[in-house]
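Got the viewer open? Let's walk through this one stop by stop, selecting as we go.

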Amino acid sequence: MPGLTAPSDYSQEPLRHPCLRINAKEPFNAEPPRSALISSYVTPVDFFYKRNHGPVPLVDDIERYSVSLNGLIENPKELFMKDIRMLPKYNVTATLQCAGNRRTAMSKTRTVKGVGWDVSALGNAVWGGAKLADVLELVGIPKLSYSTQKGGKHVEFVSIDRCKEEKGGPYKASIPLSHASNPEADVLLAYEMNGEPLNRDHGYPLRVVIPGVIGARSVKWLDSISMIAEESQGFFMQKDYKMFPPSVNWDNIDWTTRRPQMDFPVQSVMCSLEDVDHIKPGKVTVSGYAVSGGGRGIERVDISVDGGKSWIEATRYQKTGVPYVADSRSSDKWAWVLFEVTLDVEQNTEIVAKAVDSAANVQPERVEEIWNLRGILNTSWHRVQLRVGRSNI
């Protein structure tokens, strides 16, 4: 594509923050320490998880860079950055979460296939850009459309990014046109992250951000947008990121029996404590994040100090000084909720966290119930072990 190239090797990778925990070097996949993740409501770009499928693309001429709008439409169009910037700009605070978040914990039950993520394969950012619904109007697709006149019912995003899973072809994903053309869904063509231009790791110069949906659909380094009749046939739509039951293994899997995963389920994690933490007896502050997909708010975060026999409700918040109310206009509907509670711990114990969203969905108790061979969507109760030691001082 003019202005944007996909390198053939990893010799021109961007600089990354030294605190990141590297889960794979080539392609580069990394997450921040869990304690750093919740140090602020908006995740600094340096601490936002990095998820790549190949070498990070390079922009060599931003003036020549354009995105092609094509497929089942009357008037295909090339859009340059200046065209996109002329549309109304929206800032949307949204949490992106990799479907593989907490995969490492799931693999302890039975081995799974995929990058080993701890609990920080997500982040909350303020994304700035044009609404996809406005962009689609430029090629004659009205808002709230179900189909184009030529029968396009899905919107496919194709990246400049090349990956081995596509046999050297581009990364791609799609969402239904009814979702893409709905301005209330806040799907963006984003060129900013936290008030600054996107950096290379996060999709410079232009990416898709689909709030409330697993990160795999928010395509980076956008090359084209295509109206298609059926959902994308890309590898990551058809042969990955689907939720199978525990009985399915690599010998009996039939990928066609499941739909591509979209919304992520309700999730919560304690970030102030490690999996096994040593503390002194007394007061312990437990803090972390909770988030649900599809714009559903967090109704409750429950914490147990006795492995789930009894529960204490944690305080929830987003912006400092603004009370959080699930699904209120004053809350960020696409963003995570941070929580905090102070507990009295006098002996060794297991602390458990579970969240309930505004549709009363609750996290499953045991990881075994939701185990799947790709290790996605581990939203089981989050557990940490506390070892209480007496000070010698």
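**Stop one: strand 6 and its partners**

Begin by selecting Ser 68 and Ser 224: the latter, in strand 15, is the bridge partner of the former. Keep in mind throughout that you are looking at a predicted model. Now widen the selection to strand 6 and strand 15 (residues 222–228), which run parallel and are joined by four bridges.

Next, add strand 7. Strand 6 (residues 66–71) and strand 7 (residues 77–80) run antiparallel, again with four bridges between them. To see one of the contacts, pick Ser 66, whose bridge partner in strand 7 is Phe 80. Follow the backbone from strand 6 into strand 7 and you'll trace a hairpin, with five residues making the connection.

**Stop two: an open sheet**

Clear that and select strands 17, 24, 23, 19 and 20. They make an open sheet of five strands in the order 17-24-23-19-20, and the pairing is mixed. Which strands stand at the edges? Strand 17 (276–279) and strand 20 (312–313) do; each has a single partner strand, so one side of each has no neighbour in the sheet.

Zoom in on strand 17 and strand 24 (residues 382–388), which pair in the parallel sense over four bridges. Click Val 276, then find its bridge partner in strand 24, Gln 385.

**Stop three: aromatic rings**

Colour Phe, Tyr and Trp if you like: the structure holds 10 aromatic pairs. Start with Phe 235 and Phe 236, whose ring centres are 5.1 Å apart with the planes at 80 degrees, so this is an edge-to-face pair. Buried or exposed: what is Phe 236? It is buried, at a relative accessible area of 1%, while Phe 235 is partly exposed at 26%.

Move on to Phe 244 and Trp 255. Their centres lie 5.4 Å apart and their planes are at 85 degrees, so this pair is edge-to-face too. Phe 244 and Trp 255 both sit in the loop between helix 6 (235–238) and strand 16 (267–270), 11 residues apart. Both residues are buried.

Then select Phe 48, Tyr 49, Trp 117 and Trp 127, which form one aromatic cluster.

Two rings have a charge for company. Show Lys 113 with Trp 250: the charged end of the lysine sits over the ring, 4.9 Å from its centre. Do likewise for Arg 374 and Tyr 241, where the charged end of the arginine sits over the ring, 5.7 Å from its centre.

**Stop four: the cysteines**

How many disulfides does the structure hold? Zero. Select Cys 163 and you can check why: its closest cysteine sulfur, in Cys 98, is 14 Å away, too far for a bond. Cys 163 is also buried, at 2% relative accessibility.

Try Cys 271 next. The closest cysteine sulfur to its own is in Cys 19, at 13 Å, which is again too far for a bond. Cys 271 is buried, with a relative accessible area of 0%.

**Last stop: the cavities**

Finish inside the protein. There are four cavities of 30 Å³ or more, and the largest holds about 260 Å³ of space. To find that largest cavity, select Arg 51, Arg 207, Gly 215, Ser 218 and Lys 220, which are the closest to its centre of the 21 residues that line it. Then highlight strand 4 (50–51) and strand 10 (154–162), the elements that give two or more residues to its lining.

Notes:
Residues numbered from 1 in each chain as written. Predicted model: local features only at pLDDT ≥ 70, side-chain atom pairs only at ≥ 80, totals over all residues. Heavy atoms only, no water. Phe/Tyr/Trp six-rings, centres within 6.5 Å; stacked < 30°, edge-to-face > 60°. Buried < 20%, exposed > 50% of the residue type's maximum accessible area, 1.4 Å probe, protein only. Lys NZ or Arg CZ within 6 Å of the ring centre and 35° of its normal. Pairing = 2+ DSSP bridges. Disulfide = S-S within 2.5 Å. 1 Å grid on protein atoms, 1.4 Å probe; cavity = no way out; pocket = protein on both sides within 12 Å on 5 of 7 lines; lining within 4 Å. Points joined across faces, edges and corners; volume = space filled by probe spheres on them.
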